[in-house]
Amino acid sequence: MTAAGATAVCVLTPPGRGAVAVVGVAGPRAAEAVDACFLPASGVKVSDQPPGAIRLGRWLARDGEELIVVRRPPDAVEVHCHGGDAAVRGVVRALAAAGCVEAEPTPQASPPTAAAALAMLGQATTLRAAAVLWDQAEGALDRALRGVRDRLDRGECDAAGAALDRLLRHAPVGLHLVHPWRVVIAGSPNVGKSSLANALLGYERSVVFDQPGTTRDVVASRTAIDGWPVELSDTAGLRDATDAVEREGVSLAIERLRRADVVIELSEGPGEGGAGEGAWFDAGASGARRIAVASKCDTGPPLAAEDPRLATSARTGQGIDALLRAIAGVLPAAPPAGEGAPFEAAMVDRIDSARRRCGAGDPQGALRLLAPLID
Ligand SMILES: Nc1nc2c(ncn2[C@@H]2O[C@H](COP(=O)(O)OP(=O)(O)OP(=O)(O)O)[C@@H](O)[C@H]2O)c(=O)[nH]1
Ligand SMILES: [Mg+2]
C-alpha cells in the first residue's frame, strides 16, 4: 500500500526464472521518475511521449543496459528489463532513488491452492508441467475441494472419499511439476552408461572412455522427457572397487538408486544379459520403476527373442527413441485438462489424511483437515 499521491514502483512479474521482467511505476510522477533513469534512443523524454508509446533506450544506473519502456495511461510506465534478479533490483533501486515508493503488487483475492499454483508457475520448466499448474491456478483443485466439502457437509463420506481418491491419483504428477522425475542409469563399469546418457540428452555431457571406472561421480543433468521435467543421472559402474575414489563413486551411485523414480538397468548386449548386476540393483532401487536395457547392440548378434531387455546403441542411435518412450511409459499419466491435482507435499498429506477420515466415517474430521486448503 502507498499513500495517496505517491508514485509507486513494484515488480509486476512473478518471482522465478524468466527472460524478461516487468517493473511498474504508477502515480503522478511516474514519467518524470523514469526520465531520471532512462536515456531514450529517440532522445524524446518519456514524459513527452504519447500514452501507449513503446520506447527502446538505456538504463543509466545499470551501465546503460538496453531495455524497453512503455507508457500506460493515465499515469503509469512499465519498464521491461532483463529477467535476472540483479537487473530487476537495479531498476527498482534507481526508481526508488528517483523518488518512487517501493510497493508490493495488490494481492488478488484467490483461493489458497490457486495462489500457490500461480506462485509455482514461474518455476515450471516445461509447457506440459506449466499447463497442469495453470489449471490449478485457474481453480481446478479448488473446485474439486469445494465439491468434496459440499459432500462432506451432507455427510456423504463415500462420495467425498472417491473424489479425494481421484485427486490423490494425480498427486505423483502434481509433485513432479517443478521437482524433476529422477531417472538413474546404472550398470557394471564400461557397459556404456555415459554414452547412453549422452545419447538421451542429445549432447556430450559425460566423459566416455574405453576403460572401466571412468565415471566416478554422479553426473546429473536436467532435461525433459515427454514434456515432464527429468533429472537424468549417469553413475559410476557398480562393482566391488578396490580404489577408494571409485568405491566412493559406487556408494554415491547406490544412494542415487535408492532415491530414483526410474532406474535404467544397463548391461552389455547381446553378451551374457546382465547377469552380474541384479544384486546391485536390488540393493539400491527400492521403490523405483526398472527398465532393463541392453547396450552396444550395433556389435555382435541381435538379442535373443526371449531377452526382455530393450536393445539400444548409443553409437547408431538404435533404440534411443524407444527408451525415451519406455521412460515416459512408466511415469504416471497426466491429469485430464482442467482436472484438480495437488502439487505440494503438504497438500497431499492433508488430502490423504482427510481421505482416511472419510473412510472412518468422520466427515467433520475430514472437513477440518481440508479447510485450510479451501478458505
Ligand atoms: N560399439 C559401441 N560402443 C559403445 C557404445 N556405447 C559405448 N561404447 C563404448 O564403450 C566404452 C565405454 O563407454 P562408457 O559410456 O564410458 O561406459 P560407462 O558405462 O559409462 O563406463 P564407466 O563410467 O567406466 O562405468 C567406450 O569405449 C564407448 O565408446 C555403443 O553403443 N556401441
Ligand atoms: Mg561412465
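Select Arg55 and Val69 to begin, since the two stand opposite each other, Val69 being in strand E5. This is a predicted model, in which local features need pLDDT of at least 70 and side-chain atom pairs count only at pLDDT 80 or more, while totals for chains, interfaces and linings use all residues. Residues are numbered from 1 along each chain as its sequence is written, chains are lettered from A and ligands numbered from 1 in the order in which they are written, and side-chain values use heavy atoms, with hydrogens and water left out.

Widen the selection to strand E4 (residues 54-59) and strand E5 (residues 65-72), which run antiparallel and are joined by 6 bridges; strands (E, at least two residues) and helices (H or I, at least four) are DSSP runs numbered from the N terminus, and two strands pair if DSSP finds at least two bridges between them. E4 and E5 form a hairpin with 5 residues between them, and in its turn Asp63 has a positive phi of about 50°. Add strand E6 (residues 76-82), which pairs with E5 in the antiparallel sense over 5 bridges and is joined to E5 by a hairpin through 3 residues. Here Ile68 has His80 of E6 as its bridge partner.

Next, select helix H2 (85-97). Its 13 residues should span 18 Å at 1.5 Å a residue, and the end C-alpha atoms are 18 Å apart, which agrees; the expected span is 1.5 Å times one less than the number of residues. Among the buried residues of H2 are Val88, Val91, Val92 and Leu95, where buried means under 20% relative accessible area, exposed over 50% and partly exposed in between, with a 1.4 Å probe and protein chains only. After H2 comes Gly99, whose phi is positive, near 105°.

Now colour the chain by domain: domain 1 (8-102), domain 2 (112-170 + 336-374) and domain 3 (181-330), with bounds from an automatic or database domain assignment. The centres of domain 1 and domain 3, taken over C-alpha atoms, are separated by 50 Å.

Where does the largest pocket lie? Domain 1 and domain 2 both give residues to its lining, so the largest pocket lies between them. To find its centre, select Leu12, Thr13, Pro14, Pro15 and Pro105, the nearest of the 31 lining residues. On a 1 Å grid over the protein atoms alone, a pocket is an open set of points where a 1.4 Å probe fits, with protein on both sides within 12 Å along at least five of seven lines, and lining residues have an atom within 4 Å of a point. The largest pocket holds about 890 Å³ of space, and its lining divides into 18 nonpolar, 8 polar and 5 charged residues.

Move to the second largest pocket, with about 540 Å³ of space; Asn190, Gly192, Ser195, Val208 and Lys296 are the closest to its centre of the 30 residues that line it. Helix H8 (residues 193-201) gives the largest share of this lining, 6 residues.

Then show the open sheet of 6 strands, ordered E9-E10-E8-E11-E12-E13 with mixed pairing. Strand E9 (219-225) and strand E13 (310-311) stand at the edges, each with a single partner strand, so one side of each is left without a neighbour in the sheet. E9 runs antiparallel to strand E10 (residues 228-234), joined by 7 bridges, and Ala220 stands opposite Ser233 in E10.

Finish at Ala341, in the loop between helix H11 (320-330) and helix H12 (345-359). Ala341 counts as buried, at 0% relative accessibility, and its C-alpha atom is separated by 7.7 Å from that of Ala140, 201 residues apart along the chain.

Conventions:
Points joined across faces, edges and corners; volume = space filled by probe spheres on them. Nonpolar A, V, L, I, M, F, W, Y, C, P; charged D, E, K, R; others polar.
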